Amino acid sequence: MLESKFKYILRLGARKFSYKSVKRPDFSQEIKIKTKTIVEEEAKKTIDITKQLKAKILATGPITVADYMREVLTHPHGGYYMHKDVFGREGDFITSPEICQIFAELIGIWFLTEWYKLGTLQFQLIELGPGRGTLIRDLLRVLTHFKVNPQFSIHLVEISPYLSSLQAERICHNSTSVDDNTSRFYRKGETASGVKVFWYKHYEDVPRNFSLVIAHEFFDALPIHKLQFDKNLWKEVLIDIISDITDKSDFRFVLSKEQTPVSKIYRPLENEKRLCLEYSLEGDCLISTIAKRLQADGGIGLIIDYGHFGDKTDTFRGFRKHALHDPLINPGSADLTADVDFRRLKHTAEKNNEVITFGPIKQSSFLQQMQGEIRLERLLKNALPENQNLLKSGYEMLVDPKQMGSRYNFFSMFPAVLKEHLNKFPVNGFHSSQ
């Protein structure tokens, strides 16, 4: 059935980028969604994550890094992402969509060109971890500019109620919370152009339809297990309490005495030479689910993240105020992250022959192949003098190998049934992929 859906291929005419440049907002002056009273009330509900973790370790023994990350980042009453805006210049880190509009515009053009090749099927747009909503807002602007059928819908996977409110404020002209115990979504809204928007806690709750799926800086925040090869067995690096009160941290890494459930089920890839590595079980499960859905329902997937191709060992770290931060110090005050292992991601996605993948390819290569410089030139011609330097420096940051150009990778997925089609009509932006 899926084969018949892809029989009609449309030729994409030469389209010019004629819409205007958009000045990135000054997030330090952004209006807060919640009133001061509501924020103060939410603060009263938060817990001390350090005390929570200590109590858990005292009760059950050392915990996995995955459990530690899960508690620190997404605990309902004190998790890092749950009750505050952590993005932008005033937060702990800044993402590519907030640096320069060209980033989202080229991604939007990429999705449209690949979608046109498949016959302009009815679709839904899914973003995993939308942050403060900058990327999805810009993608919506691109789709609106090219007059895509407004019948498409937007589905956002966001675990943080606070961030979902922030996203709704930026892309919807109205939205409401849903708490009826029957709906899979917990918030719904509508854009000014009439596009329906829904929010979910989990990707599995999103409806099964032909989908354009994007995950930007999402997989790096999924919990990881730190594994170490010891005495011919894979064991797990755990987190324990430090008893020495003179130490600046309350926690330390320890090696499990025996194998843990995850270290028992872990299977290294062929020719694995590392003796210590990071493994995301949640990442494996999610990429498998996305692959199954793309194969069964049709669609296109795009993952953008910093990572490696199966060669790094210890990348678990924290970020606070745009600087590296010890992940074991003052948990909850900093973002926790680990580089994505794209070799494993690619292997897991392809292992059941459900999808065909392209990449990972460096961000600089993708943006340049998508004619980023041409787009920059056009924007500069129409930009006010005071905005020209911002556009230039923003784009340079995205493609400079010493900055974001080589740190971030693009990785795409298509239903395996399209293999011959994609050989005939190569995927844009991935001509020099691994």
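**Note on backbone outliers, strand pairing and helix packing**

1. Asparagine 353 lies in the loop that runs between α11 (342-350) and β17, and the structure discussed here is a predicted model. The phi of asparagine 353 is near 55°, which is a positive value in a residue other than glycine. With a relative accessibility of 62%, asparagine 353 counts as exposed, because the cut-off for that class is over 50%.

2. Glutamate 217 also deserves a look, since it is not a glycine and nevertheless has a positive phi of about 50°. Its place is the loop between β7 (211-216) and β8. Is glutamate 217 buried or exposed? At 15% relative accessibility glutamate 217 counts as buried, the limit for that class being under 20%.

3. A further backbone feature to check is the peptide bond between glycine 359 and proline 360, which is cis, with an omega of about 5°. Proline 360 belongs to strand β17 (residues 355-362), and β17 is also the strand that follows the loop holding asparagine 353.

4. Strand β9 (residues 233-241) is largely enclosed by the rest of the structure, because eight of its nine residues are buried. Which strands pair with β9 is set out in the next two points, beginning with the hairpin.

5. Strand β8 (residues 225-230) runs antiparallel to β9 and is joined to it by five bridges, one of the pairs being leucine 227 in β8 with glutamate 236 in β9. The two strands form a hairpin that leaves two residues between them, and in this turn lysine 231 has a positive phi of about 55°. The loop with glutamate 217, described above, leads from β7 to β8.

6. Strand β10 (residues 251-255) is likewise antiparallel to β9, with five bridges between them, and here isoleucine 239 has phenylalanine 253 in β10 as its bridge partner. Strand β1 (residues 63-64) is joined to β9 by two bridges, again in the antiparallel sense, and threonine 64 finds its bridge partner in leucine 238 of β9.

7. Turning to the helices, α6 (residues 101-117) packs against α7 (residues 134-145) at an angle of about 55°, and the axes of the two helices are 9 Å apart. That angle makes α6 oblique to α7, and the crossing of the two is right-handed. On the α6 side the contact is made by Gln101, Ala104, Glu105, Ile107, Gly108, Ile109 and Leu112, which meet Leu135, Asp138, Leu139, Arg141, Val142 and Leu143 of α7. Sorted by class, this contact of α6 with α7 holds eight nonpolar, two polar and three charged residues.

8. Helix α6 packs against helix α13 (residues 372-382) as well, at an angle of about 125° and with the axes 11 Å apart. This makes α6 oblique to α13, and the crossing is right-handed. The residues that meet are Gln101, Ile102, Glu105 and Leu106 from α6, and Gly372, Arg375, Leu376 and Leu379 from α13. By class, the contact of α6 with α13 divides into four nonpolar, two polar and two charged residues.

9. What do the two contacts of α6 have in common on the α6 side? Gln101 and Glu105 appear in the contact with α7, and Gln101 and Glu105 also appear in the contact with α13, so a reader examining side-chain placement may find them in both lists.

Note on methods:
Residues numbered from 1 in each chain as written. Predicted model: local features only at pLDDT ≥ 70, side-chain atom pairs only at ≥ 80, totals over all residues. Heavy atoms only, no water. Buried < 20%, exposed > 50% of the residue type's maximum accessible area, 1.4 Å probe, protein only. Helix = DSSP H or I, 4+ residues; strand = E, 2+ residues; numbered from the N terminus. Pairing = 2+ DSSP bridges. Axes fitted to C-alpha atoms, helices over the stretch in contact; angles between N-to-C directions. Parallel < 35°, antiparallel > 145°, perpendicular 65-115°, else oblique. Left-handed = near helix turned anticlockwise from the far one by under 90°. Contact = heavy atoms within 4.5 Å. Nonpolar A, V, L, I, M, F, W, Y, C, P; charged D, E, K, R; others polar.
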